[in-house]
Amino acid sequence: TTVTELYGITATANLGIGAIIFMFVEPDYRGRSIGKLALEVISWIHAFVGCDFTILVADDKSESGSLVQWYERQGFSRAPLLQNLMGSPEGKFGVTMIAPTHGKNFDGSIEWW
């Protein structure tokens with residue numbers, strides 16, 4: 001239902017979905033695009049192994065409280081129907097989010113600084 005609502009895809013029986021279980025960038029290294037690079041690499045890996053989407057729970061307890069918005073800028077969308085599936089009922093442990101992977105057309109290049 002989430003994929004249909006957000007992306008208009010109705011044939012969902014054969015979709016592959018990968019999850020990011022834990023991702024953290026040390027505060028001293030934030031602002032250097034390390035998180036963006038990690039998401040790009042994870043997306044390519046997920047696509048390579050047959051995943052069409054990546055899901056995660058963004059635990060927005062940072063000082064700025066802007067982690068969910070950061071993920072949205074990286075292409076993720078909020079996925080409230082997946083909250084229970086991801087073990088975060090009513091957002092107890094964060095906001096469940098989803099994004100399409102890069103697809104299977106990886107040319108071997110990843111944007112680095």
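In which sense do E1 and E2 pair, and over how many bridges? They pair in the parallel sense, over three bridges, and the legends below place this pairing in its surroundings within a predicted model.

**View 1. The whole predicted chain, with three helices and four strands.** Read from its beginning, the protein chain follows the pattern α-β-α-β-α-β-β. Buried residues make up 29% of its 113 residues. Among contacts between residues at least 6 apart in sequence, 67% join residues at least 24 apart. The chain exposes about 7,500 Å², and carbon and sulfur atoms supply 55% of this area.

**View 2. The open sheet, with its four strands in the order E1-E2-E4-E3.** The pairing in this sheet is mixed: E1 and E2 are joined in the parallel sense, whereas E2 and E4 run antiparallel and are joined by six bridges, and E3 and E4, also antiparallel, are joined by two bridges. E1 and strand E3 (77-78) stand at the edges, and because each has a single partner strand, one side of each is left without a neighbour in the sheet. Strands of a sheet pair through backbone hydrogen bonds, in either the parallel or the antiparallel sense. Individual residue pairs can be followed across the sheet: Ile 17 stands opposite Phe 53 in E2, Leu 56 stands opposite Met 97 in E4, and Ser 77 has Ile 98 in E4 as its bridge partner. Strand E2 is mostly covered, with five of its six residues buried.

**View 3. Thr 96 and its surroundings in strand E4.** Is Thr 96 buried or exposed? Its relative accessible area is 0%, so Thr 96 counts as buried, the limit for that class being under 20%. Within the sheet, Thr 96 is the bridge partner of Val 57. When neighbours within four places in sequence are left aside, Thr 96 is in contact with Leu 56, Val 57, Ser 77, Arg 78, Ala 79, Leu 82, Gln 83 and Met 86.

**View 4. Helix H2 (residues 34-48) and the elements that its buried residues pack against.** The helix has 15 residues, and at 1.5 Å a residue it should span 21 Å; the C-alpha atoms at its ends are 21 Å apart, which agrees with that expectation. The buried residues of H2 are Gly 35, Leu 37, Leu 39, Glu 40, Ser 43, Trp 44, His 46 and Ala 47. These buried residues pack against strand E1 (17-19), strand E2 (53-58), helix H3 (67-73) and strand E4 (95-100). As a rule, an α-helix has 3.6 residues a turn, so residues three or four places apart point the same way.

**View 5. A nonpolar patch on the surface, formed by Val 41, Ile 45, Phe 48 and Val 49.** Together these four residues have about 420 Å² of accessible area. Phe 48, which lies in helix H2, has a relative accessibility of 74% and therefore counts as exposed, since that class begins over 50%. Gly 50, which follows H2, has a positive phi near 95°.

**View 6. The salt bridge between Glu 72 and Arg 78.** How many salt bridges are counted in this model? The count comes to one, and in the pair formed by Glu 72 and Arg 78 the closest N and O atoms are 2.7 Å apart. Both partners are partly exposed: the relative accessibility of Glu 72 is 31%, and that of Arg 78 is 39%. Arg 78 also appears in View 3, among the residues in contact with Thr 96.

**View 7. Two loop residues, Ser 33 and Glu 90, with positive phi.** Ser 33, placed in the loop between E1 and H2, is a residue other than glycine, and its phi is near 70°. Its relative accessible area of 43% makes Ser 33 partly exposed. Glu 90 belongs to the loop between E3 and E4, and although it is not a glycine, its phi is positive, at about 55°. With 83% relative accessibility, Glu 90 counts as exposed.

Terms used
Residues numbered from 1 in each chain as written. Predicted model: local features only at pLDDT ≥ 70, side-chain atom pairs only at ≥ 80, totals over all residues. Heavy atoms only, no water. Expected span 1.5 Å × (residues − 1). Buried < 20%, exposed > 50% of the residue type's maximum accessible area, 1.4 Å probe, protein only. Contact = heavy atoms within 4.5 Å. Patch = residues over 30% accessible without salt bridge, like charges linked within 9 Å, V, L, I, M, F, W, Y side chains within 5 Å. Areas by Shrake-Rupley, 256 points an atom, 1.4 Å probe, with all protein chains shown as cover. Salt bridge = Lys/Arg side-chain N within 4 Å of Asp/Glu carboxyl O. Pairing = 2+ DSSP bridges.
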